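Biologist: I've got a model open and I'd like to learn how to read it. Can you walk me through a few features, general idea to begin with and then the case here?

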Amino acid sequence: MIARDDITGLILAGGRGSRMGGTDKGLQPFRGVPLVRHVLDRLAPQAGPLLINANRHPDRYAAFGVPVIADTMPDFAGPLAGMLAGLAHCRTGWLVTVPCDTPFLPDDLVQRLARAIDAEGAELAVPVTTEPDGQRRLQPVFCLMPAAAAASLRAYLDAGDRKIEHWVTRQRLAQVPFDDAMAFANFNTPDELRQHEAP
């Protein structure tokens, strides 16, 4: 089993926040505290060292007591660029990534992904949820990967590709079923945030 201390946790907060009116999504208040604080509190018990990937407001993110790293690729190149930056700063054998706008992420996310990698001899693991319409949905931004994945990811990005699902499915991938789709819900608009304000 992959040891918790050998997993670096990376919170992806480097997006433009276009649908949030261009604001920095991770810093938006939710139930009285910034979204990224909720995610940090859920991820911290599940991983060893933590990092935040942010391309704006590094000082405000640094106030959470976690090292802040920016994309090395220009122009807000998407979550894969954040993952690549995380891999460049990863000093453990493994990296797990989660987005900054998912305050309900599962408390056993990392353990279950790690168990699936061991059981299936996989390189990467991501959750799969079942939507209300019965469709299975891959959740590739929640990804446990080895630090050695950096070379594959860099080659993919250098080729001009940006779709995260295409990259993860090219690897030896464990798809881990999770029953609660709401645990992976991300909030892209102010209305979505307000809808879930009540506990």
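Modeller: Happy to. Start with burial: a residue counts as buried when its relative accessible area is under 20%, and as exposed when that is over 50%, with partly exposed in between. Keep in mind that this is a predicted model.

Biologist: Is Thr8 buried or exposed, then?

Modeller: Thr8 has a relative accessible area of 2%, so it is buried. It sits in strand E1.

Biologist: Which side chain makes a polar contact with the side chain of Thr8?

Modeller: That's Thr92, and the polar contact is 2.7 Å. If you skip residues up to four places away in sequence, Thr8 touches a whole list, including Ala47, Pro49, Leu51, Cys90, Trp94 and Val96.

Biologist: And Ile7, where is that found?

Modeller: Ile7 is in strand E1. Its relative accessibility is 1%, so Ile7 counts as buried. Now look at sequence versus space: Ile7 and Gly93 are 86 residues apart along the chain, while their C-alpha atoms are separated by 6.5 Å. Beyond its neighbours within four places in sequence, Ile7 is in contact with residues including Ile2, Gly48, Thr92, Val110 and Leu144.

Biologist: I always check cysteines. How many disulfides does a search of the whole structure find?

Modeller: Zero. The idea is to look for two cysteine sulfur atoms within 2.5 Å of each other.

Biologist: Why is there no bond from Cys90 to Cys143?

Modeller: Because the sulfur of Cys90 is 12 Å from the one in Cys143, its closest cysteine sulfur, and that is too far for a bond. Cys100 tells a similar story: its closest cysteine sulfur is also in Cys143, but at 17 Å, again too far. Cys90 is buried at 8% relative accessibility, and Cys100 is buried with a relative accessible area of 5%.

Biologist: Which residues does the UniProt "binding site" annotation cover?

Modeller: The record, an unreviewed entry, lists Leu12, Ala13, Gly14, Lys25, Asn53, Asp71 and Asp101. Be a bit careful with such notes, since annotations may be inferred rather than shown by experiment.

Biologist: Let's take Leu12 from that list. What is it in contact with, leaving aside neighbours within four places in sequence?

Modeller: Among its contacts are Asn53, Pro79, Met83, Thr97, Cys100 and Val141. Asn53 is also covered by the "binding site" annotation. Leu12 lies in strand E1, residues 7–13, and counts as buried at 8% relative accessibility.

Biologist: Where does Asp101 lie?

Modeller: Asp101 is in the loop between strand E6 (94–99) and helix H4 (109–120). Being in a loop doesn't tell you about burial, so check the value: Asp101 has a relative accessible area of 3%, which means buried. Leaving aside neighbours within four places in sequence, Asp101 contacts Lys25, Leu35 and Phe187, among others. Lys25 is another residue in the annotation.

Biologist: Last one: backbone angles. What should I look for?

Modeller: Most residues other than glycine have a negative phi, so a positive one is worth a look. Arg31 is not a glycine, yet its phi is positive, about 50°.

Biologist: Which other residue has a positive phi of about 50° although it is not a glycine?

Modeller: His57. His57 falls in the loop between strand E4 (50–54) and helix H2 (58–62), and Arg31 in the loop between strand E2 (29–30) and strand E3 (33–34). As for burial, Arg31 counts as partly exposed at 33% relative accessibility, and His57 counts as partly exposed at 36%.

Technical notes
Residues numbered from 1 in each chain as written. Predicted model: local features only at pLDDT ≥ 70, side-chain atom pairs only at ≥ 80, totals over all residues. Heavy atoms only, no water. Buried < 20%, exposed > 50% of the residue type's maximum accessible area, 1.4 Å probe, protein only. Helix = DSSP H or I, 4+ residues; strand = E, 2+ residues; numbered from the N terminus. Contact = heavy atoms within 4.5 Å. Polar contact = N/O pair within 3.5 Å; in protein donor to acceptor, adjacent residues only side chain to side chain.
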